[in-house]
Amino acid sequence: MTLLFTHEACLSHDVGPTHPERPARLEALNLALAVAAFDRLDRREAPKATIEQIARMHPRAHVERMLAAVPESGLVRLDGDTAMSPGSGEAALRAAGAVCAAVDTVIVGEASNAFCAGRPPGHHAEAETPMGFCLFNSVAIAAAHARAVHGLKRVAVMDFDVHHGNGTQAMFWDEPDLMYASTHQMPLYPGTGSRDERGAHGTIINAPLRSGADGEAFRAQMTEIILPALDDFAPELLIISAGFDAHVDDPLAGLCFIEEDYAWVTRELVALADRHAGGRVVSSLEGGYNLDALAASAAAHVRVLMDASAGVMELP
Ligand SMILES: [Zn+2]
């Protein structure tokens, strides 16, 4: 069984019609997942993350300040490209809550994997700094949740968004039992993610790609660097920062992935989770700004998760 966590409140984070991170992204994804091929998805409403959950990665006072700053009308600008609208507080809570709830369900064995279709994205959000369209760092919050509530020791986040997840990296930097692995275009926003950024315990694995790199280069970085590192780390839960803006048609960056590359990496990550984590994979939407490419790529990703969970269920 594959779970799909989402919530219509995630459509209400709306920072303007010209902003690339817009509600239409989630609408396009919802449409792509509404066809018969996805009937087997177990669809759940994303709950709101609690302050306690978020406060494992962001200082409580910061969380409360952010939520208090959500405007009743208009926009509140947080940086050059990050803002909050009246719906942003609930959207961000549901986006983080989706990933925590998905962790709960895969750890108790209700499903082997889950996809969280929430927004705003999260991987740029640092402990006290919202940035890069991100308010709270949903995947980092979910990793902390898995350890605090379910007693897992080692949790890994794999991030194939075209941008480096500086927020997740910063939050995991001093943690020997949290791995952050990323492929991303470099140089590109936010500027972090060079190969020599390894964390205090060597659990940060960056495999940057040059503008113009295609799926072949991506697969080589995965096969030669990231998958071996993840195998050595042997996570008990694999969380994916699933951004689809490395697609060749994406307007924000210059990598040249196609849908099949996302299917390929998902198969590899599912196989890795089978080896170490009982197949437990929780994937969370990050970027992806060409609506058609986002919808098709995310659909290819979810399709592999569904095939994998069906395969798991057929085992004796
Ligand atoms: Zn991105």
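This report walks through some helices, loops and unusual backbone spots in the structure above.

The model is predicted, so local features need pLDDT of at least 70 and side-chain atom pairs count only at pLDDT 80 or more, while totals for chains, interfaces and linings use all residues. Residues are numbered from 1 along each chain as its sequence is written, and side-chain values use heavy atoms, with hydrogens and water left out.

**Helices 4 and 5**

Let us start with a pair of helices. Helices (H or I, at least four residues) and strands (E, at least two) are DSSP runs, numbered from the N terminus. Two packed helices are described by the angle between their axes and the distance between the axes. Axes here are lines fitted to C-alpha atoms, for helices over the stretch in contact, and angles run from 0 to 180 degrees between N-to-C directions.

Helix 4 (residues 88–107) and helix 5 (residues 138–150) have axes that come within 8 Å and cross at roughly 40 degrees. That makes helix 4 oblique to helix 5; angles under 35 degrees count as roughly parallel, over 145 as roughly antiparallel, 65 to 115 as roughly perpendicular and the rest as oblique. The crossing of helix 4 past helix 5 is right-handed, a word used when the near helix is turned clockwise from the far one by less than a right angle.

Which residues of helix 4 meet helix 5? They are A95, A96, V99, C100, V103, D104 and I107, and their partners in helix 5 are S138, I141, A142, H145, A146 and H150. Contact means heavy atoms within 4.5 Å. By class, the residues of this contact are nine nonpolar, three polar and one charged. Ala, Val, Leu, Ile, Met, Phe, Trp, Tyr, Cys and Pro count as nonpolar, Asp, Glu, Lys and Arg as charged, and the others, Gly among them, as polar.

Helix 4 is largely enclosed by the rest of the structure, because 18 of its 20 residues are buried. Buried means under 20% relative accessible area, exposed over 50%, and partly exposed in between (1.4 Å probe, protein chains only). In helix 5, the buried residues include V139, A140, A143 and A144.

**Helices 7 and 8**

The next pair is arranged in another way. The axes of helix 7 (residues 215–233) and helix 8 come within 11 Å and cross at roughly 10 degrees, and the two helices are therefore roughly parallel to each other. Among the residues of helix 7 in this contact are F218, M222 and L230, while helix 8 offers W264, L269 and L272, among others. The contact of helix 7 with helix 8 has eight nonpolar, three polar and six charged residues. W264, L269 and L272 are also among the buried residues of helix 8.

The lengths of three helices can be checked against an expected span, which is 1.5 Å times one less than the number of residues.

| Helix | Residues in helix | Expected span | Span between end C-alpha atoms |
|---|---|---|---|
| Helix 4 | 20 residues | 28 Å | 29 Å |
| Helix 5 | 13 residues | 18 Å | 17 Å |
| Helix 8 | 18 residues | 26 Å | 26 Å |

Each of these helices is followed by a glycine with a positive phi: G109 after helix 4, near 90 degrees; G151 after helix 5, about 70 degrees; and G278 after helix 8, about 60 degrees.

**Unusual backbone spots**

Most residues other than glycine have a negative phi, and most peptide bonds are trans. Where does the model depart from this? F133, which is not a glycine, has a positive phi of about 75 degrees. F133 sits in the loop between strand 5 and helix 5 and is buried at 12% relative accessibility. A234 also has a positive phi, near 55 degrees, in the loop between helix 7 and strand 9 (237–242).

The peptide bond from R119 to P120 is cis, with omega near 5 degrees. The bond from Y189 to P190 is cis too, with omega near 5 degrees. P190 belongs to the loop between strand 7 and strand 8 (204–209) and is partly exposed, with a relative accessible area of 24%. P190 and H124 are 66 residues apart along the chain, yet their C-alpha atoms are separated by 8.0 Å.

**Two buried residues**

Y289 lies in the loop between strand 10 (281–285) and helix 9 (291–314) and counts as buried at 5% relative accessibility. Beyond its neighbours within four places in sequence, Y289 is in contact with residues including P20, R25, F133 and D250. S182, in strand 7 (residues 178–185), is buried at 0% relative accessibility. Leaving out residues up to four places away in sequence, S182 touches D159, H164, I205, N206, A207 and I226.
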